[in-house]
Amino acid sequence: MPLIRSTLGHPVTAGISVVVNGRFFQHGLYRGTPSLLALEPQGASPFQLVSALPLPGLRHLAVAGQKAIIKGIGWLSVVDISDATNLRFHGMTPVPTGDNNSRDVLAVSGTHAYVVQGYYSPDQFGGRTGRIIVVDFSDPTKPRIVGEQPLPPKTATWFSLSAAA
């Protein structure tokens, strides 16, 4: 992962990014903690860190308008990104987590987040199973699970789900 020059005085390791209104939002490490990073193009350095919001356990990031939807280990949260210099945490809800062999994919449409989990279970369905969890974040301060459905056997292999992310 590339290192980015930081106006906050610390080196940053950055991962996958999303562009919103000319700013880049991505998850990465800030001071050794998984964080939501706000970056902008700056001079000779490709990017400069504008702000960072620590979110331990952060795994996936999607953007819906001025909100970042963040999936972590056992949770999903909503962050206001309308002011990149002042990232603000809105709300969080617990989301079931698989075991060490599970893989998640996060997608967002409108005011709903879709977490697709695939996991390897040697005792069931030839080793492959999964589920989809739907979270409504129309009230960003109180996101909530509104649906959960198991996926048909053998349709969700853990390796193909992680490749689709």
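# Exercises on Strands, Cores and Salt Bridges

Strand 6 and strand 7 (residues 67-72) run antiparallel and are joined by 6 bridges. The exercises below concern a predicted model.

## Exercise 1. The sheet around strand 6

Determine which strands form the open sheet that contains strand 6, and which of them stand at the edges.

*Solution.*

Step 1. The open sheet consists of 4 strands in the order 6-7-8-9, with antiparallel pairing.

Step 2. Strand 6 (58-64) and strand 9 (88-94) each have a single partner strand, so they stand at the edges, and one side of each is left without a neighbour in the sheet.

Step 3. From one strand to the next, the twist averages 20 degrees.

Step 4. The register between strands 6 and 7 can be illustrated with one pair: histidine 60 has lysine 71 in strand 7 as its bridge partner.

## Exercise 2. Leucine 58 in strand 6

Decide whether leucine 58 is buried or exposed, and list the residues it touches beyond four places in sequence.

*Solution.*

Step 1. Leucine 58 belongs to strand 6.

Step 2. Its relative accessibility is 5%. The limit for a buried residue is under 20%, so leucine 58 counts as buried.

Step 3. With residues up to four places away in sequence set aside, leucine 58 touches His27, Pro34, Ser35, Leu36, Ile70, Lys71, Gly72 and Trp75.

Step 4. A further distance concerns leucine 76, which is 18 residues from leucine 58 in sequence, with 9.1 Å between the two C-alpha atoms.

## Exercise 3. The nonpolar cores

Identify the residues of the largest nonpolar core that touch the most other members, and the elements that give two or more residues to this core.

*Solution.*

Step 1. The largest nonpolar core has 15 residues, and those touching the most other members are Leu36, Leu55, Ile70, Val79 and Leu87.

Step 2. Two or more residues come from each of strand 4 (33-42), strand 5 (45-54), strand 6, strand 7 and strand 8 (75-80).

Step 3. Leucine 55 serves as an example. Beyond its neighbours within four places in sequence, leucine 55 is in contact with Pro34, Ser35, Leu36, Ile70, Trp75, Val79 and Phe89.

Step 4. Another core, of 12 residues, lies apart from the largest one; its members include Ala62, Ala64, Ile69 and Val135.

## Exercise 4. The salt bridges

State how many salt bridges the model contains, and classify the accessibility of aspartate 80, arginine 88, aspartate 136 and arginine 144.

*Solution.*

Step 1. The count comes to 3 salt bridges, for which a side-chain nitrogen of Lys or Arg must lie within 4 Å of a carboxyl oxygen of Asp or Glu.

Step 2. One salt bridge joins the side chains of aspartate 80 and arginine 88, at 2.4 Å from N to O. Aspartate 80 is buried at a relative accessible area of 9%, whereas arginine 88 is partly exposed at 40%.

Step 3. Another joins the side chains of aspartate 136 and arginine 144, at 3.7 Å from N to O. Here aspartate 136 is buried, with a relative accessible area of 10%, while arginine 144 is partly exposed, with 48%.

Step 4. Glutamate 148 and arginine 131 also meet through their side chains in a salt bridge, at 3.2 Å from N to O. This pair links distant parts of the chain, since glutamate 148 is in strand 13 and arginine 131 is in strand 12, 17 residues apart.

## Exercise 5. The surroundings of arginine 131

Establish which side chains make polar contacts with the side chain of arginine 131.

*Solution.*

Step 1. Arginine 131 lies in strand 12 (residues 127-136) and is buried, with a relative accessible area of 16%.

Step 2. Its side chain makes a polar contact with the side chain of glutamine 117 at 2.5 Å.

Step 3. A polar contact with the side chain of glutamate 148 is present at 3.2 Å. Glutamate 148 is partly exposed, with a relative accessible area of 42%.

## Exercise 6. Threonine 93 and lysine 142

Find the C-alpha separation of threonine 93 and lysine 142, and state whether each residue is buried or exposed.

*Solution.*

Step 1. Threonine 93 lies in strand 9, and lysine 142 is found in the loop between strand 12 and strand 13 (144-150).

Step 2. The two residues are 49 residues apart along the chain, and their C-alpha atoms are separated by 7.3 Å.

Step 3. Threonine 93 is buried, with a relative accessible area of 8%. Lysine 142 has a relative accessibility of 59% and therefore counts as exposed, the limit being over 50%.

Step 4. Excluding residues up to four places away in sequence, threonine 93 touches Gly74, Trp75, Leu76, Val135, Pro143, Arg144 and Ile145.

Methods:
Residues numbered from 1 in each chain as written. Predicted model: local features only at pLDDT ≥ 70, side-chain atom pairs only at ≥ 80, totals over all residues. Heavy atoms only, no water. Buried < 20%, exposed > 50% of the residue type's maximum accessible area, 1.4 Å probe, protein only. Polar contact = N/O pair within 3.5 Å; in protein donor to acceptor, adjacent residues only side chain to side chain. Pairing = 2+ DSSP bridges. Axes fitted to C-alpha atoms, helices over the stretch in contact; angles between N-to-C directions. Core = buried A, V, L, I, M, F, W, Y, C linked by side-chain atoms within 4.5 Å. Contact = heavy atoms within 4.5 Å.
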